[in-house]
Amino acid sequence: MNHVFTCHYPDPEEFLDICDEIGLYVGSEVPFVWTDFRYSDDPKYMDYFVRPGAEMLEYLRNHPSIIFWQMGDEATWGRNFDSMQRLINTVDQNRPANFAYSWTINTVSFDAVHYPSLQEAGTLPPKRDKPTTYDQYCCPNCFNRRELLTDPGILDYWGKAIGEMWEAVNATPEVAEAAIWAYCDEFFYVPVAAHDVTKYKGVVDMQTGLVTVGYGEWGLVDKWRRLKPGYWHTKKAYSPVHIEQRVFAWPPTGQHLRIPVENRYDFTNLNELRVEWRLGEVTGTANAEVAPRTKGEILIDPSGAANGANQLVLRFFDSARNLVDAFTFAIDRQPPKQIKSAAPDPAVPVLQRNGDHITVEASNFRWIFDAHTGLISAAQIDSSAVVVGGPSFALTPLEYDQHVLGITAVPVPLQPTILPWTLDSTNVTQDGATIQLEATGHYPNAHGKYIFRLDGSGLTTIDYRFQYDGDEISLREVGLLLDVAKEYRLLEWTRDSRWTFYPEDHIGRPSGKAAAFRTDGEWPEHGVKEKPAWPWSLDATDAGTNDFRSTKYNIFWACLSNPTGHSLRVESNGKQHTRAWVEGDRTRLLINDHSNGGSEIVLVETSYFNDRILVRKGDILSGTVRFRLTNLPSDRESQ
């Protein structure tokens with residue numbers, strides 16, 4: 001990142017001093033917002049426009065970090081803004097003047113496009129005689145407050161938006177400036193006695209007793225300036241060190257690993273960075289002789305690495321030891337061919353029927369189905385209860401009732417709508433070591449069937465296929481929901497992530513563990529007006545921490561475990577998504593075949609237009625979920 005657009009608040013001089021010192025470009029804006037034509041074109045208000053512009057120039061013009069002025073945010077052009085522009089151009093002839101929505105104004109220095117779509121960002125600007133600015137773009141989720149409360153993972157999904165958007169901007173040299181709205185969440189606390197609900201709306205914060213007003217969670221950092229998922233996504237998208245390849249072959253003896261790299265710095269050679277690498281247990285440094293805006297290679301000597309090393313980590317630091325970027329690469333070795341011994345056949349499960357229940361048992365597990373519903377009543381391993389109900393055909397609606405307004409109410413979760421299931425028929429068969437149960441039935445909005453296949457190793461496969469019978473609906477999630485015993489509150493996963501390297505507390509990291517709640521005594525208590533000691537990922541609701549209850553997209557496997565090591569493990573192919581949360585006396589696990597980034601108004605129009613899940617009457621929704629009961633941690637690690 002090399003630029004900040006301050007936007008309709010007076011700029012703190014201490015901030016601009018730092019920008020001057022480190023060379024951070026600044027676009028400084030007159031403190032105007034939402035000024036409509038009634039005021040901007042009426043001469044009697046001219047002094048209210050010209051005077052703040054003059055004061056801004058007098059106060060800030062000696063800061064070399066400021067490279068342009070902007071005359072108000074999301075306002076309507078009129079004669080008073082024209083007067084302000086003539087003043088700025090007269091007093092400061094070295095800096096251009098900008099205006100939001102300025103494509104309608106020929107005298108302004110830029111074409112300022114407000115929230116461009118991904119298609120617009122990848123095409124030439126509308127006027128070729130001026131550079132284009134995206135004075136605000138790619139806003140993180142904010143107005144879909146119920147979805148944010150339910151699933152913090154949609155903030156991780158936002159990495160798709162900024163990643164694709166920045167690649168389009170980077171490939172379009174006519175775009176001179178782009179600024180994400182916004183850096184930090186917007187929350188203000190107002191004493192109840194001083195609160196004017198007609199102006200500021202807001203809700204009472206039960207912890208502080210103060211009224212919370214503002215627009216909420218649109219920042220890359222939260223109100224305490226703790227890093228949220230979008231901060232790392234922005235750092236990666238904007239990184240001056242660009243490496244696309246993820247897997248490298250082990251080189252022939254005596255040769256180097258060759259890492260193709262693109263230098264996106266404008267002025268800095270990559271040889272000015274310190275490049276540190278780790279290959280297995282061996283560490284070293286490398287030189288990157290790559291000029292600005294060119295491509296080259298980084299050479300790594302792997303000769304000292306152990307034969308089994310299969311992962312290379314690269315870290316780039318500037319002269320102040322700030323992390324510029326980091327990458328993790330897989331090393332593909334071709335092992336010698338060997339004959340693998342055949343895996344032992346799993347035990348043959350035993351099928352029993354006793355009127356109300358259908359039971360499938362093997363050496364250390366048991367599945368119990370309700371004969372009246374055809375669904376799971378219980379699943380046990382080593383006599384420990386794991387699954388306590390399900391599956392349910394889960395459709396999570398988008399949040400339709402959002403508005404581009406400040407906080408007006410306390411949001412409530414928006415979980416999938418679970419409707420009653422009516423069984424029409426069941427059919428149970430056994431073919432060798434596999435037992436199959438087919439349950440046909442209907443919900444009020446769909447009809448179809450589940451097919452359960454269980455073998456003696458503990459593997460269970462559920463195929464589902466339903467025809468939708470309801471009204472047309474846009475969805476956020478489509479999948480199956482399982483109810484799991486309440487003590488299964490440790491989530492583990494490995495997934496196909498957008499980036500190869502993440503901070504350890506990022507909810508989108510490629511693999512990790514997340515407990516449902518912070519451990520008592522692990523973190524110091526804090527007052528209601530004090531910054532929490534823990535990271536944002538450990539903020540919690542009654543449903544769990546942000547880390548635990550956030551969607552893990554594109555999983556290879558994910559499991560819920562209890563303190564004794566028993567677990568329910570979902571096995572997938574990097575195309576499915578899981579989400580867990582605590583609800584009452586159970587933990588719920590949702591396995592989605594379809595999941596998107598939610599309904600945030602700006603993102604739906606600009607970045608998520610191809611991610612819509614629109615379901616019409618007669619559509620077929622189907623999928624396959626694979627999971628197993630296990631008590632062996634090594635089973636998880638081997639996936």
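**Reading strands, helices, a pocket and contacts**

Author: Start with one pair. Gln70 stands opposite Asn98 in strand 4. Keep in mind that this model is predicted.

Reader: Which way do strand 3 and strand 4 run, and how many bridges join them?

Author: Strand 3 and strand 4 run parallel, joined by 2 bridges.

Reader: What sheet does strand 3 belong to, and in what order do its strands lie?

Author: Read the order across the sheet. Here it is 1-2-3-4, an open sheet of 4 strands with parallel pairing. Then look for the edges. Strand 1 (3-5) and strand 4 (97-98) are the edge strands, as each pairs on one side only.

Reader: Which strands are at the edges of the sheet with the order 11-13-16?

Author: That is an open sheet of 3 strands, and its pairing is antiparallel. Its edges are strand 11 (241-242) and strand 16 (295-300), each with pairing on one side only. Strand 13 (residues 257-263) is held to strand 16 by 6 bridges, and the two run antiparallel. For the register, take Arg258: Leu299 in strand 16 stands opposite.

Reader: Now hairpins. How many residues lie between strand 19 and strand 20?

Author: Check the pairing, then the turn. Strand 19 (residues 350-353) and strand 20 (residues 357-361) run antiparallel, with 4 bridges. Arg353 faces Ile358 of strand 20. The two strands form a hairpin with 3 residues between them. In that turn, Gly355 has a positive phi of about 90 degrees.

Reader: What does strand 20 form with strand 21?

Author: A hairpin, again with 3 residues between the strands. Strand 21 covers residues 365-370, and 5 bridges join it to strand 20 in an antiparallel run. One opposed pair is Thr359 and Ile368, the latter in strand 21.

Reader: On to helices. What span should helix 7 have, and what do its end C-alpha atoms show?

Author: Count residues, work out the rise, compare. Helix 7 (residues 153-170) has 18 residues, so at 1.5 Å a residue it should span 26 Å. Its end C-alpha atoms are 27 Å apart, which agrees. Next, look at cover. Of the 18 residues of helix 7, 14 are buried, so-called mostly covered.

Reader: What about the span of helix 3?

Author: Helix 3 (residues 46-60) has 15 residues and an expected span of 21 Å. Its end C-alpha atoms lie 22 Å apart, which agrees.

Reader: Which residues of helix 3 are buried?

Author: First the general idea. An α-helix makes a turn in 3.6 residues, so residues three or four places apart point the same way. Now the case. Phe49, Gly53, Met56, Leu57 and Leu60 are the buried residues of helix 3. Seen down the axis of helix 3, they fall within an arc of 100 degrees, so they line one face of the helix. On the other side of helix 3, Tyr48 and Glu58 are exposed.

Reader: What covers the buried residues of helix 3?

Author: The cover includes helix 1 (13-22), strand 2 (25-29), helix 2 (37-40), strand 3 (66-70) and helix 4 (79-91).

Reader: Where is His63, and is it buried or exposed?

Author: His63 sits in the loop between helix 3 and strand 3. Its relative accessibility is 5%, so His63 counts as buried; the cut-off is under 20%. Then list contacts beyond four places in sequence. His63 touches Glu13, Leu16, Asp17, Asp20 and Arg95. Pro12 is 51 residues from His63 in sequence, and their C-alpha atoms are 12 Å apart.

Reader: Where is Gln430 found, and how does its accessibility count?

Author: Gln430 is in strand 24 (residues 422-431). At 38% relative accessibility, Gln430 counts as partly exposed. Outside four places in sequence, Gln430 touches Val348, Pro349, Leu351 and Ile435. Gln430 and Pro349 are 81 residues apart along the chain, with 9.2 Å between their C-alpha atoms.

Reader: Last, pockets. How much space lies in the second largest pocket?

Author: The idea is simple. Rolling a probe the size of a water molecule over the atoms shows where empty space is left. The second largest pocket holds about 1,500 Å³. Its lining has 44 residues, and Asp205, Gln207, Lys223, Asp539 and Ala540 lie nearest its centre.

Reader: Which element gives the most to that lining?

Author: Helix 6, with 3 residues. Elements that each supply at least two residues include helix 6 (145-150), strand 8 (186-190), strand 10 (211-216) and helix 10 (546-549).

Technical notes. Residues are numbered from 1 along each chain as its sequence is written. This is a predicted model: local features need pLDDT of at least 70, side-chain atom pairs count only at pLDDT 80 or more; totals for chains, interfaces and linings use all residues. Side-chain values use heavy atoms; hydrogens and water are left out. Two strands pair if DSSP finds at least two bridges between them. The expected span of a helix is 1.5 Å times one less than its number of residues. Buried means under 20% relative accessible area, exposed over 50%, partly exposed in between (1.4 Å probe, protein chains only). The arc is that of the directions from the helix axis to the C-beta atoms. Contact means heavy atoms within 4.5 Å. On a 1 Å grid over the protein atoms alone, a cavity is a set of points where a 1.4 Å probe fits but cannot get out, and a pocket is an open set with protein on both sides within 12 Å along at least five of seven lines; lining residues have an atom within 4 Å of a point. Grid points are joined across faces, edges and corners, and a volume is the space filled by probe spheres set on the points.
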